[in-house]
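Here's a walk through the empty spaces and the packed parts of one protein model. Have the structure open as you read.

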Amino acid sequence: MTRHTRRKLTGLLVAILFVAMCWFTPIHQLASIPQELRILQGAHAALDLGMKSFATVTTSQPDVISVSGAPKSAVSHLHQPLQLESGKTGQADVQVKLFGLIPVKSVHVNVVPDLKVIPGGQSIGVKLKSSGIMVVGYNLVKAGKDSISPAEQAQVKVGDIITAIDGNTVKSVEQAAELINKAGKSGKAMEFTIKRQKEQVKLKVKPLYDKDSDIYRIGLYIRDSAAGVGTLTFYAPDQQKFGALGHIITDVDTGQPIGVGEGQIVHSSVTSIDKGESGSPGEKRGIFIDEDKVLGSITRNSDFGVFGNMSSLPDNAKVTKAMPVALAEQVHEGKASILTVVDSQKVEEFDIQIVNVMKQKYPATKSMVIKVTDKRLLEKTGGIIQGMSGSPILQDGKVVGAVTHVFVNDPTQGYGVFLEWMLNEAGIDTKSKVKS
């Protein structure tokens, strides 16, 4: 046999062994182990290597991650997965070696704080004061034979936020009207400081005298606040923070997000239900009650809901003890439930199914697709309706997310958002970033 032939046979043998190893079940199991893993502090995770007496596992930070209780190493056994036990928060690398010599897998583990919150479900009234004056439309001012809108001619646009007039910060419609009338009497043009999306614009507008109303006007419809009914998602007693709604509050006329000047949430009561149908979303109708009893102050209005400070658990809670929070990757398809109100102030639990879970390493609003399966809820509401946004989603004894949107053509289904993303928005640090 020539040297060339021996080399070919050796190469062929190596290739056959490589293919055989790839089809070997333990190799498949090793390949299925993620390269990055997050574990809640005090929890554990199974590491199934699927081999007997072949693998040794070591950890770089035993005080962060230990293996099967052993601080340095452990040997796996068939049908007996290793347990990664979390200690203090931090990061560690777990190394898997065959025969204690050949590195075959490395897993970067991030131990994050063990967070717990109390799920809500209560019907709440939301009162939001804008961080400026919202321009929601134009009207005409009679000036002699003509009717014009001075602000429109000055290029003020619907959706703009007027934050200051002649250097004076404006927070209310009444204040703006007073400054406009004062400038009109003096015959001077006014300088508007405007927030337009992410830009700041300064424009000159000269008020006109309106004979019909006997005041000076600039030809705008403006608004400084918004109010509505929604659902409380969670209360975090350790941080004294809350989250609600699961989606951003926008102006009803312009569709623009409302910047928070100040805001409050109060109790509300559901008075009636408009049942949802295909093509026509339903709605909870409610009223604010006990408005003098402020439940919490709103500090943030974002794509993931409204967030702020809350000193105690609101009344009418169905769950009064804190429950564990599921990390985004722990949410799975299958049975779940929501907490919400469909009559007065009574929080009830209803069955749903999580039918699809999106793989999201970074915050995004459409985290999962849910389907209402509870016959009582379907009979009462037709599925997901307006005002149900923010209803907490529970699964496996954990709070996993919140209802956000309904499918217009199928009210039995809608979207939910991971609770982890809402906690981040509330300023509750989940330390969820993993080493890249």
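Let's start with one residue. Pro281 sits in the loop that links strand 21 (260-274) to strand 22 (283-288). Keep in mind that this is a predicted model.

Is Pro281 buried, exposed or somewhere in between? Pro281 counts as partly exposed because its relative accessible area is 32%, which falls between the 20% and 50% cut-offs. Leaving aside residues up to four places away in sequence, Pro281 touches Gly276, Gln386, Val406 and Val408. There's also a long-range neighbour to look at: Ile384 is 103 residues away along the chain, yet its C-alpha atom is 8.0 Å from that of Pro281.

Gln386 comes up again in the largest pocket, where Gln386 is one of the residues nearest the centre, along with Gly228, Val229, His247 and Gly387. The whole lining of that pocket runs to 30 residues, and the space inside is about 790 Å³. Which elements give two or more residues to this lining? They are strand 10 (123-138), strand 19 (220-236), strand 22 and strand 30 (398-407). Strand 19 gives the most, with seven residues.

Now for the enclosed spaces. Searching the whole structure turns up three cavities of 30 Å³ or more, and the largest of them holds about 40 Å³. Its lining is made up of Leu40, Val112, Pro113, Leu115, Val325, Leu327, Glu420, Leu423 and Thr430.

Here are the largest pocket and the largest cavity side by side:

| Space | Volume | Nonpolar lining residues | Polar lining residues | Charged lining residues |
|---|---|---|---|---|
| Largest pocket | about 790 Å³ | 14 | 11 | five |
| Largest cavity | about 40 Å³ | seven | one | one |

In the cavity, the charged residue is Glu420 and the polar one is Thr430, going by how residue types are classed.

On to the packed parts. How many residues does the largest nonpolar core have? It has 45, and Phe234 and Ile393 make the most contacts inside it. Strand 27 (residues 347-357) supplies the largest share of this core, with five residues. There's a second, separate core as well, made of 20 residues. Among its members are Ile180, Phe192, Ile194 and Leu220.

If you want a place to begin on screen, try Gln386: this residue touches Pro281 and lies among those nearest the centre of the largest pocket.

Technical notes: Residues numbered from 1 in each chain as written. Predicted model: local features only at pLDDT ≥ 70, side-chain atom pairs only at ≥ 80, totals over all residues. Heavy atoms only, no water. 1 Å grid on protein atoms, 1.4 Å probe; cavity = no way out; pocket = protein on both sides within 12 Å on 5 of 7 lines; lining within 4 Å. Points joined across faces, edges and corners; volume = space filled by probe spheres on them. Helix = DSSP H or I, 4+ residues; strand = E, 2+ residues; numbered from the N terminus. Buried < 20%, exposed > 50% of the residue type's maximum accessible area, 1.4 Å probe, protein only. Contact = heavy atoms within 4.5 Å. Core = buried A, V, L, I, M, F, W, Y, C linked by side-chain atoms within 4.5 Å.
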